[in-house]
Amino acid sequence: MLNRRNLLVGTAGFAVLGLSLGKVAAANLSGIEKASMRGSINAAELGVQPGTLDDQSKAFARLLRDANDRDMPVFLPPGTYVVSNLSLPGRVRLSGVPGATRIVYGGDGHLFMAEQASHIELTGLVFDGTNRPMGDYAQGLLDLRRVAHLVVDNCQVTGSGKNGLALERVAGRIERSDVSGAADAGIYSVEAGGLAISGNTVSDCANGGILVHRWQAAQDGTMVTGNRVERIGARSGGTGQNGNGINAFRAGNVVISGNVVSDCAFSAIRANSSGNLRISDNTCSRSGETAIYSEFSFEGAIISNNIVDGAANGISIVNFNEGGRMGVCTGNIVRNLSTSGPYPADPPGFGVGISVEADTTVSSNVVENAPLYGMQIGWGPYLRNVVAMGNIIRKAGTGIVVSVVEGAGTAVISDNVIDGTLHGAIVGQRWAEPATGDLAKSTDTGYPHLTVERNKVS
């Protein structure tokens, strides 16, 4: 039978067993920590010590050269290392204790710079620019150019006086890292050669979040997936050059998917002259201007299954006048738009749910609370081969406006549900001015380029 004495004896036995197991676990953990450093150079053994008051740039440079010559990784124990003006050799594998190993910029130039490197791997490190000025030649706190294989993993990059990470002609991946407080953009990539930017948080940057650019329009292939981008400003002003959470410029074959983007001064996602573009499954909240933008001389853009909640305009696939054409806009939710933007709007103004112009299908979207138009099809003569079918538009100033200017091309508007509009369900316009009555009331539009049929209005 179980009695008090037997219970106490049994409990004491478990306590002794637990203590023994704890000692074994501690011994095993110590072994794991030692094993994790096997094959790595311990920076302390080569005179690089954390927490010292002296600038350790020279000792740090020797450490990196030695590691490069021996083709070995370097482990930095936790603590603060103050360094400046380090040029990384061709092969660098530098790791630390995440959140505890801090590399702090000492000023007077740059922090880390690489040129023509074959392999750079930075893991578990904090890079702190302390908001100090950088040399005119430096593009970012981590300024890495012509790197054949780059890995930045589980790092923090904060307080850069320019870009957080500035990459030029780089292949590899930036992942699971936090970039914050950059005076320009968080991550700036130009002329990438196959780059993955995934699972990062980019926040509180003055001019941009994640930028994927090229000097000339060409295939880029960067994948921007699963990132969180928030609180992006436009300190340098403009009408869209700055203030974007994710921005592709002249970069073709780019995938922007599964990101959560909020509180950007201009667009959550903006693509300029970027062909064969995929923007899908993103959540975009509280954008200051157009939430999702494919503009200027692009050919081929699929914008699908995104959520836009709060913006001046929702989704725009436009600029046929510059050669922008060929798009698919499907399965998106666009809601809660505003007539106010970051600058005085050109006609027709802000508050448009979805805008398209050439060689584009618009289907299975839901637009709600668009104070100007639920959907805008064409602009003046810049309209060609647009089909708008199977959409739901609810609570809009005008449901759908379509260009009836001379020279406008084919448009088919059919099988849409339009509910609760103030100024008509479907209206033909000459530029920004209404030119017809409500075309949803008759199948005869009076315009040979325009078909309107089977729309349900309530």
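## Nonpolar core and pockets of a predicted model

Of the 103 residues in the largest nonpolar core (buried Ala, Val, Leu, Ile, Met, Phe, Trp, Tyr and Cys joined through side-chain atoms within 4.5 Å; buried means under 20% relative accessible area with a 1.4 Å probe, protein chains only), Phe60, Phe112, Phe127 and Ile377 touch the most other members. Strand S10 (residues 140-153) contributes the largest share of this core, six residues; strands are DSSP runs of E, at least two residues long, numbered from the N terminus.

The model is predicted: local features need pLDDT of at least 70, side-chain atom pairs count only at pLDDT 80 or more, and totals for chains, interfaces and linings use all residues. Residues are numbered from 1 along each chain as its sequence is written, and side-chain values use heavy atoms, without hydrogens and water.

Beyond its neighbours within four places in sequence, Ile377 is in contact (heavy atoms within 4.5 Å) with residues including Val356, Leu383, Ile400 and Ile413.

Two pockets are compared below; a pocket is an open set of points on a 1 Å grid over the protein atoms alone, where a 1.4 Å probe fits, with protein on both sides within 12 Å along at least five of seven lines, and lining residues have an atom within 4 Å of a point. A volume is the space filled by probe spheres set on the points.

| Pocket | Volume | Lining residues by class |
|---|---|---|
| Largest | About 650 Å³ | 12 nonpolar, 10 polar, five charged |
| Second largest | About 170 Å³ | two nonpolar, six polar, two charged |

Here Pro counts as nonpolar and Gly as polar, while Asp, Glu, Lys and Arg are charged.

Tyr293, Val318, Asp346, Pro347 and Pro348 lie nearest the centre of the largest pocket, among its 27 lining residues. Strands S26 (290-295), S29 (313-317) and S32 (352-356) each give two or more residues to that lining. In the second largest pocket, S20 supplies the largest share of the lining, three residues.

Terms used:
Buried means under 20% relative accessible area, exposed over 50%, partly exposed in between (1.4 Å probe, protein chains only). Helices (H or I, at least four residues) and strands (E, at least two) are DSSP runs, numbered from the N terminus.
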